[in-house]
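Visitor: I'd like a quick tour of this one before I go back to the bench. Could you take my questions as they come?

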Amino acid sequence: MTDQELDDILGAEAQIEPTPGFTATVMRAVHREATTPPPIRFPWVLALPGVMAWGLTLVLVFAIPWYSSSPPPAPAFRFRFDFSWVQSALDSLRHLQAGWIMLAVILTIACVSFPLRLIRGRYRN
Amino acid sequence: MSAREDQADVQRVLRGDISAFEGIVKRWQAPLVNLAYRFCRDRSRAEELAQEVFLKAYRALRDWRQEAAFSTWLFALATNHYRTAIRSEPSRFVAIERMTELVTRGGDAYDGLRERDRDQSVRAAVLALPAKYRDALTLFYFHEMDVSATARSLGVPEGTIKARLLRGRGLLRAKLTRDVTGLRLEEV
């Protein structure tokens with residue numbers, strides 16, 4: 001089969017006509033679409049504190065054990081301020097297993113405050 | 001003329017006059033249904049797909065940047081929708097054995113019928129090609145062999161379309177020839 005034959009066959013396709021009620025069906029669907037209220041958007045502004053709390057929790061869960069178990073890096077340059085108190089505070093927190101306590105507290109606060117904020121937002125609107 | 005009417009109707013719809021969308025539907029229903037039919041070869045499904053495209057167009061009307069013609073935007077939207085829709089549906093294509101049977105079926109008294117069957121078989125074979133060749137060939141013939149319109153509908157450069165047409169035609173020819181030869185050998 002040559003290119004010309006293919007062109008002749010594929011280029012000469014009969015046109016089909018839409019059924020008589022097609023326009024009316026489409027317009028009904030469009031009117032329905034126009035009168036349907038837009039879907040309720042997720043309240044990102046209200047959820048932001050919760051999301052941030054989750055982020056912080058993840059950081060605490062993963063960063064603290066890693067920080068406390070890894071050896072201190074060799075200083076590439078001299079710090080102007082002394083941060084040794086941070087290290088000692090983290091050591092004492094680790095000793096007390098404060099990471100888990102903080103995690104529990106933050107989760108509790110998040111679980112309570114997130115629904116409260118959602119409800120307040122709904123009633124405010 | 002149509003472009004100006006499209007623009008005016010779009011402006012009216014955007015201002016809140018939904019009934020103006022009817023003008024757009026009336027002008028573009030036949031091309032959209034026909035394009036859908038070339039992708040699915042099922043008349044009622046073609047109308048369903050075209051209706052979905054009109055709804056999609058209505059929702060996205062604000063996104064039409066008026067640098068391009070409304071028809072270009074609409075065809076690109078439709079092409080995208082049809083390709084996605086048929087990708088997610090089970091194949092309704094004619095089996096290649098059936099196609100070759102139709103292509104080879106002989107008899108002088110049936111020449112007219114045979115010719116029609118052959119044409120149908122070739123069209124069905126286009127749908128059995130890999131998607132990128134199928135889309136290029138389908139749109140190329142839909143746009144009356146206009147490479148640039150095909151390229152705009154698919155959102156790819158014209159050179160890519162030319163390459164796909166060349167390869168697609170080659171695949172189609174090879175497929176039909178190979179299967180016809182195979183069938184003849186089986187008959188012997």
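Guide: Sure, and one term up front: pLDDT is the predictor's confidence in each residue, from 0 to 100. You'll want it here, as this is a predicted model.

Visitor: Then how many contacts beyond four places in sequence does the model have for residues 183-188 of chain B?

Guide: That is a stretch to handle with care, as pLDDT stays under 50 all along residues 183-188 of chain B. Where pLDDT is low, the predicted coordinates should not be read in detail. For what it's worth, the contacts of that stretch beyond four places in sequence number three.

Visitor: Which element of chain B has the lowest mean pLDDT?

Guide: Chain B as a whole averages a pLDDT of 83, and 81% of the residues score at least 70. Over residues 94-99 of chain B, though, pLDDT stays under 50. Going by element, helix α3 (residues 43-59) of chain B has the highest mean, 95. The lowest, at 49, belongs to helix α5 (residues 96-104) of chain B.

Visitor: On to chain A: which element gives the most to the side that touches chain B?

Guide: The contact involves 21 residues of chain A and 29 residues of chain B. On the chain A side, α1 (3-11) and α2 (22-35) each supply at least two residues. With ten residues, the top contributor is α2(A).

Visitor: And how many residues on that side of chain A are nonpolar?

Guide: Let's split the side of chain A that touches chain B by class. Three of its residues are charged and six are polar. The nonpolar ones come to twelve.

Visitor: Is Met1(A) buried, partly exposed or exposed, and why?

Guide: Met1(A) sits in the segment before α1 of chain A. Leaving aside neighbours within four places in sequence, Met1(A) is in contact with Leu6(A) and, across in chain B, with Arg173(B), Leu176(B) and Thr177(B). Buried would take 20 or more other C-beta atoms within 10 Å, and exposed 12 or fewer. Met1(A) has 16, so the verdict is partly exposed.

Visitor: How are α7(B) and α8(B) oriented to each other, and why is that the word for it?

Guide: Residues such as Leu139(B) and Phe140(B) in α7(B) meet α8(B) residues including Val147(B) and Leu154(B). The two helices pack with their axes 9 Å apart, at an angle of about 130°. Roughly perpendicular stops at 115 degrees and roughly antiparallel needs over 145. That angle therefore makes α7(B) and α8(B) oblique.

Notes. Residues are numbered from 1 along each chain as its sequence is written. Chains are lettered from A and ligands numbered from 1 in the order in which they are written. This is a predicted model: local features need pLDDT of at least 70, side-chain atom pairs count only at pLDDT 80 or more; totals for chains, interfaces and linings use all residues. Two residues are in contact if their C-beta atoms, placed from the backbone, lie within 7 Å. Helices (H or I, at least four residues) and strands (E, at least two) are DSSP runs, numbered from the N terminus. Ala, Val, Leu, Ile, Met, Phe, Trp, Tyr, Cys and Pro count as nonpolar, Asp, Glu, Lys and Arg as charged, and the others, Gly among them, as polar. Axes are lines fitted to C-alpha atoms, for helices over the stretch in contact, and angles run from 0 to 180 degrees between N-to-C directions. Angles under 35 degrees count as roughly parallel, over 145 as roughly antiparallel, 65 to 115 as roughly perpendicular and the rest as oblique.
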